[in-house]
Amino acid sequence: MVDVKEKSDLDQDQDRQSVTKIQTADEDRHIEQAADMLKGAQQATDNEHTMSIAEGLRKYPAACGWSLLFSAALIMEGFDKAFLTAFFAFPEFQKRYGKLTADGTHQIPASVQAGVTNGVNAGQIIGLLINGYLADRFGYRYVMLGCLFLMCCFIFLQFFASSIYMYMGAGVLLGVPWGVFQTITTTYASEVTPNVLRPYLTSLVSMCWSIGYLTGTGCLRGFLQMKGQWAYRIPFALQWALPVPLAIGIFLAPESPWWLYRKGRIAEAEKSLRRLQTKVPEEELANTLSMMAYTINIENEMHTTSSYLDLFKGTNLRRTEITVLTYVVQELCVPLVSYIVYFLQQAGLATSMAFNFAIIQYSLAIIGVVIAWFLVRKFGRRTLILSGVTFMMSTSMLIGFIGIPDTHKHTNLAYGIGVILLVEYFVFFMTCGPIIYTVVTEIPSNFLRQKSVALARAAYNVNVLVYGQLVPRMVQRAAWDWGAKSGFFYGGCMLFGLVWAFFRLPETKGRTFAEIDILFKNGVSARKFSSTKVDLASQTVSKEGEEVGV
């Protein structure tokens, strides 16, 4: 019996030793994997810091192409939305849907104009908030495909609109897919390209909008002399031209590797990366995957999930504030330039000349975005945004002063205002206009990027709703008749945005997503972001050798 007992005790000791060895082996393997992941993440981060634009284009040509394809949806949206306010100044549209005024002209009442623009913006807000859930669950490609199908359906309502209210309803429904396009294109661009290309491909969406607005306004200008209902129905029909080829391209596109990795579909994420890269060594691809894994681990340690509620918890609250208000600052700058055709028509210019100004405006915007690509590399995001808002504020105030005399009696003043609006638009797209799209995709965490950008764009559209009520009433002679003097009001709004941006907007130039996570985790102030050093291994920050406190 004693021998049996001793043998049993010996077996138990051996079992415990075996379990201990297994546990130790597992721990060693885990430590080794963590060390390999950190090493790979550091190498990928170093590669991104040293990568040139030429190298980025050579290694990621497919990513640039697929990003451009997604962004092309905004050319279509810009084309469609160009009609929105420009039709209010379109003679045949005014005759069909407007009311005869005391001076013998037809006008769309200011209240109806506000209803149309606000209805579209309300639809966009719905689309944005729904997209926050749908894109997280189904991925970017399938959500885009569904929205392109819905858009084709809703254009029928616009084309066959028998009253201004049916036209308004079609606008609300079209706003839903438009809202989806506004965020899913920028987040896709930010997730498929390396840091060195990110500002160019995210700001490209701004150029795509301008191309769409330019072609849409040019289309209306071409039909300006045409009589009858087809003068505005043919432009409506042209909206069906792009959705089908876009849908075919997006169906063939790779899904965002970041989205796949967040979903735990690591093999598919690797496959997607291979499709986005060209002639990249296996080690570099493995390092990129390690950087993605390490970034997601950092956010897991911060207990970040992908619910809307998490946008307002911990460090994410600050990131949400910056993302939302950065978008709002952009809208604060553009109320007058957004209504340029109607604004100049009400200021005393001929309708054809007002449309000519709009065509020049959108052409300058495209050139402005190209110039911004060169400026952002030298000056960064924060400097360009602050400079742009300062300029827009100053020139809006100048428009207010020019509007004090009666611009109808002094037509040269109306032309002067038109020139200032063109210069404003050009500078806006050289500075804060396109760069804001880069910032709002860099600030949020990976888990919350889609929802954060969606919420920010929704806040942007709430601001558009407010301006949609104010601008027609301020500008229209039959309403409040503020005219150009409204520049004082909007310049004052821009001043508030400038003060906020100076104290709260950080510089994210040259930072990877992991570095941005660590900067926010350590509570680095906005004005110290650019000068702070980040240690990926310890997840700490320092400046001139001294650790920065929380």
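Helices (H or I, at least four residues) and strands (E, at least two) are DSSP runs, numbered from the N terminus. By this definition the protein has 22 helices and five strands. The model is a predicted one, in which local features need pLDDT of at least 70 and side-chain atom pairs count only at pLDDT 80 or more, while totals for chains, interfaces and linings use all residues. Residues are numbered from 1 along each chain as its sequence is written, and side-chain values use heavy atoms, with hydrogens and water left out.

The overall figures come before the details. Of the protein's 550 residues, 57% count as buried; buried means under 20% relative accessible area, exposed means over 50%, and partly exposed lies in between (1.4 Å probe, protein chains only). The accessible surface amounts to about 22,200 Å², and carbon and sulfur atoms hold 64% of it. Such areas come from the Shrake-Rupley method with a 1.4 Å probe, and for residues only the protein chains shown count as cover. Among contacts with a separation of 6 or more, 79% are made by residues 24 or more positions apart, where contact means heavy atoms within 4.5 Å.

The interior can now be considered. Rolling a probe the size of a water molecule over the atoms shows where empty space is left. On a 1 Å grid over the protein atoms alone, a cavity is a set of points where a 1.4 Å probe fits but cannot get out, and lining residues have an atom within 4 Å of a point. Grid points are joined across faces, edges and corners, and a volume is the space filled by probe spheres set on the points. A search of the whole structure on these terms yields four cavities of 30 Å³ or more.

The second largest cavity has a volume of about 180 Å³. Its lining consists of 18 residues, and those nearest its centre are Glu48, Thr193, Trp258, Thr288 and Met291. Which helices each supply at least two residues of this lining? They are H7 (164-192), H11 (257-262), H13 (282-301) and H22 (513-521). H13 gives the most, with four residues. By class, the lining holds ten nonpolar, five polar and three charged residues; Ala, Val, Leu, Ile, Met, Phe, Trp, Tyr, Cys and Pro count as nonpolar, Asp, Glu, Lys and Arg as charged, and the others, Gly among them, as polar.

Two of these helices can be followed further. H22 is largely enclosed by the rest of the structure, because eight of its nine residues are buried. The buried residues are Phe513, Ala514, Glu515, Ile516, Asp517, Ile518, Leu519 and Phe520. Just after H22, Gly523 adopts a positive phi of about 65 degrees. In H7 lies Ile164, which is buried at a relative accessible area of 8%. Beyond residues up to four places away in sequence, Ile164 touches Phe93, Tyr97 and Val112. The C-alpha atoms of Ile164 and Gly98 are 8.2 Å apart, although 66 residues separate them along the chain.

Phe93 appears again in relation to H9, the helix that holds Trp230. The C-alpha atoms of Trp230 and Phe93 lie 9.9 Å apart, with their positions 137 residues apart along the chain. Trp230 is partly exposed, at 44% relative accessibility. In the loop between H9 (230-237) and H10 (243-252) is Gln239. Is Gln239 buried or exposed? At 1% relative accessibility, Gln239 counts as buried. A polar atom of its side chain lies 3.1 Å from the backbone oxygen of Phe236; a polar contact is a pair of N or O atoms within 3.5 Å, and within protein one must be able to donate a hydrogen and the other to accept it, while residues adjacent in sequence count only if both atoms are side-chain atoms. Apart from neighbours within four places in sequence, Gln239 is in contact with Phe79, Asp80, Phe83, Ile155 and Gln158.

Thr395, in helix H17 (residues 351-402), is buried, with a relative accessible area of 10%. The Thr395 side chain reaches the backbone oxygen of Phe391 at 2.9 Å. Outside its neighbours within four places in sequence, Thr395 contacts Ile420 and Glu424.

Finally, the loop between strand S3 (533-535) and strand S4 (540-543) contains Gln539. Gln539 has a positive phi of about 55 degrees although it is not a glycine, and at 11% relative accessibility it counts as buried.

Key
1 Å grid on protein atoms, 1.4 Å probe; cavity = no way out; pocket = protein on both sides within 12 Å on 5 of 7 lines; lining within 4 Å.
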